[in-house]
Amino acid sequence: MKRLAVALGLVVVLAVAAIFILPSVIPASTYREPVETAARDALNREVSLAGDISLQVFPRLEIRASDVSIANAEGFGDDAFAEMREMRVGVRLIPLLSRRVEITEFVLVEPTIRLAQNRSGNNWTFTPADSATPTPAPSGDGFVRREGALPIEASFGDVRIENGAIYFADGNQSRAITGLDLSVALPSLDTETRLTGALNADGESLDFSATLGSIRDFFEGRETPVALTLGGNLADLSFDGRILEGEAIAYEGRIDTTIPSVRALAAFAGAPLPAGDNLERFRTVGQLTGAPGQVRLAASTLALDAIAGSADINVNLAGDKPSLTGSLTLAELDVNPYLPATSTPPAPTTGGGIPPWSDAPIDLAGLGIVDADLRLTVGRLVFQDIEVTDARLRVELRNSRLEATLENISLYEGQGRATVVANNRGNRPSYSLTASLDSLDAGSFLEAAAGFDKLLGTGAMTLDLSASGNSQAAIMNSLGGSGDFSFADGAIVGINIAQTIRNVSQLVGGSGTSGDAEDEEAASTGEQQATDFSSLTGSFSITNGRISQQDLLMLSPLLRVEGAGDVNLAGQSLDYRLQPRAVASIQGQGGERDLRGITVPIRLRGGFNNVSVGVDTEAVGRALLQGALNNALGSDGATTPRDALRDGLLDAIGLGEDDDEATTGDEAEQRDPAEQLLRGLLNQRRNRNQETTDEPEQDPQ
């Protein structure tokens, strides 16, 4: 028995000695080749353990290897798919007997992974040696949190990644993560786990940390506290919440995020935004809840650039593109910084004014990034030069078609409703606008909407417009639709029609010279002149950017004005005629006589930045000549029709008998005002010619 005990003791000693001694005695090549062969067969890639290898078995299993590499897939170059300078792994053996895993060390020093993709596939899919296609993923519903998912005990000691790197390239872009340092603290599966690290992503330094209340609780579907932080130049984010009980990963908690520049973050993500000074600082604070494919943000603070408010937004990530639904409440929204920018600025105009329409393309590609159904309540909305207050706006974006409906708006003392559509589904973008406005301050609105400052008043307007094109110029050239308006108690700025008729009355009486008439006509037009009205109504149609208006009617106590003409929006010009007629004495308006019944046409024409306003002398001449001929042909004093026609024509052109000498004052007052005006104009011209003829000739020097 004694000898048996000695023998057993000797065996134990030899076994322990073998465990400690044999790994250092056995050459590394003895297990280098079997490990490389086994790894090659498993990955169907060449695996190399080119550096030193050491193995320790007791009291813990330790493996160290240096210069480890895995070859790249065929067609992806000669650089290794993965390599590392050193790998160290240590596991205690005795605890394994009681199903407890104690990892004393797991360190990867300078690991590098090169991910690549091209037309033939990618290099991170490993194909077994006996198969021409990748091994299919195992069937099932994926990861499920359930009771008993971790039936073991485990702890981790020194778990680190030192100076790692991950590279990605697909022929169109390349990304690089370098300087990756990662440390994991996991005393046990039932205590808090903490992860900390830092990296450099495409030149941007980031640091991060995460804590999880319990690994076991997380895997087995129990409620688990969680906290995340991310800091760097691109973003500063923190989340403090919990993972909810259940099989799926659902969470809720408080989020506080600051993005110094949305543009910089988008560029970093490989989706640069069009040039501009907007989309910079973003901040949100609120409650974040989520589940697979779903995220909801109830933000008490939401700010982008100068926009600030609150929001309740749901994001669905399950489809081909994100889908947003919810509501936003904003104190003020100025959309001008976010309107599509043109690649070149419009050509400058001389002296300011309205610039010409630009041919630069408008980019509407952003309409295809997401789908959305959002409701906005905005205290003050600014679009170009238009200001709207107390707006309720619904925005629907589906498959690159944006429809924005202003369900209730207050603007320029009025109320209204409008719907704007921008559709980028086809090759040529299209647009439409329908609007109805009541009790509108026309002066302020038209100046803000179209730079037009010639109309004052309060009234209503309806619009139904459509257009298409890739630039401002194309849109204005294709504009079509119709509209109508009705204004009251206002004024037309730029001309005093009553003053113009007064000038006509002076010509009728022959009391002014041509120079005086020109001065008085100039005095009736200009920025300081205006014609008041009690009612102004009309309708119009638009075809290919040209507005046609034929039924303008303006009423005032003194005047009745009819109007018709065209406004060429595409060419930025207008040609419009007003037909004012005095319906009462203009005494008190600078008038000296009753001119009821006289029509004095006024013509507005020219470019938007140089509109001329004046009496349509051609129309006056035609009308008055016709009146003179009619009166002459109907004269009781003519002996025959031929004599009447002859005398009328001579009188009309100023070569007949001077009726001022042959007619009494009473007869002169009974003469038709139109005939008097023509006579006055022609007599002035004849008198000027006579004065020129009577001047003495000068001897030539």
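F218 is buried, with a relative accessible area of 14%. F219 is partly exposed, at a relative accessible area of 27%. The model in which these two residues appear is predicted. The ring centres of F218 and F219 lie 5.4 Å apart and the ring planes stand at 85°, so this pair is edge-to-face; the angle falls in that class because planes over 60 degrees apart count as edge-to-face.

The structure holds six aromatic pairs. Another pair is formed by W124 and F168, whose ring centres are 6.5 Å apart. The planes of W124 and F168 meet at 45°, so this pair is tilted. Where do W124 and F168 lie? W124 is in the loop between β7 (121-122) and β8 (153-169), whereas F168 is in strand β8 itself. The pair therefore ties together parts that are 44 residues apart in sequence.

The accessibility of these two residues can be added to the picture. W124 has a relative accessibility of 34% and counts as partly exposed. F168 is partly exposed as well, with a relative accessible area of 22%. Buried would mean under 20%.

Ring pairs also occur elsewhere in the chain. They link F485, F487 and F540 into a cluster.

Aromatic rings in this model also meet charged side chains. The charged end of R45 sits over the ring of F81, at 5.5 Å from the centre of that ring. Likewise, R175 has its charged end over the ring of F268, 5.2 Å from the ring centre.

Terms used
Residues numbered from 1 in each chain as written. Predicted model: local features only at pLDDT ≥ 70, side-chain atom pairs only at ≥ 80, totals over all residues. Heavy atoms only, no water. Phe/Tyr/Trp six-rings, centres within 6.5 Å; stacked < 30°, edge-to-face > 60°. Helix = DSSP H or I, 4+ residues; strand = E, 2+ residues; numbered from the N terminus. Buried < 20%, exposed > 50% of the residue type's maximum accessible area, 1.4 Å probe, protein only. Lys NZ or Arg CZ within 6 Å of the ring centre and 35° of its normal.
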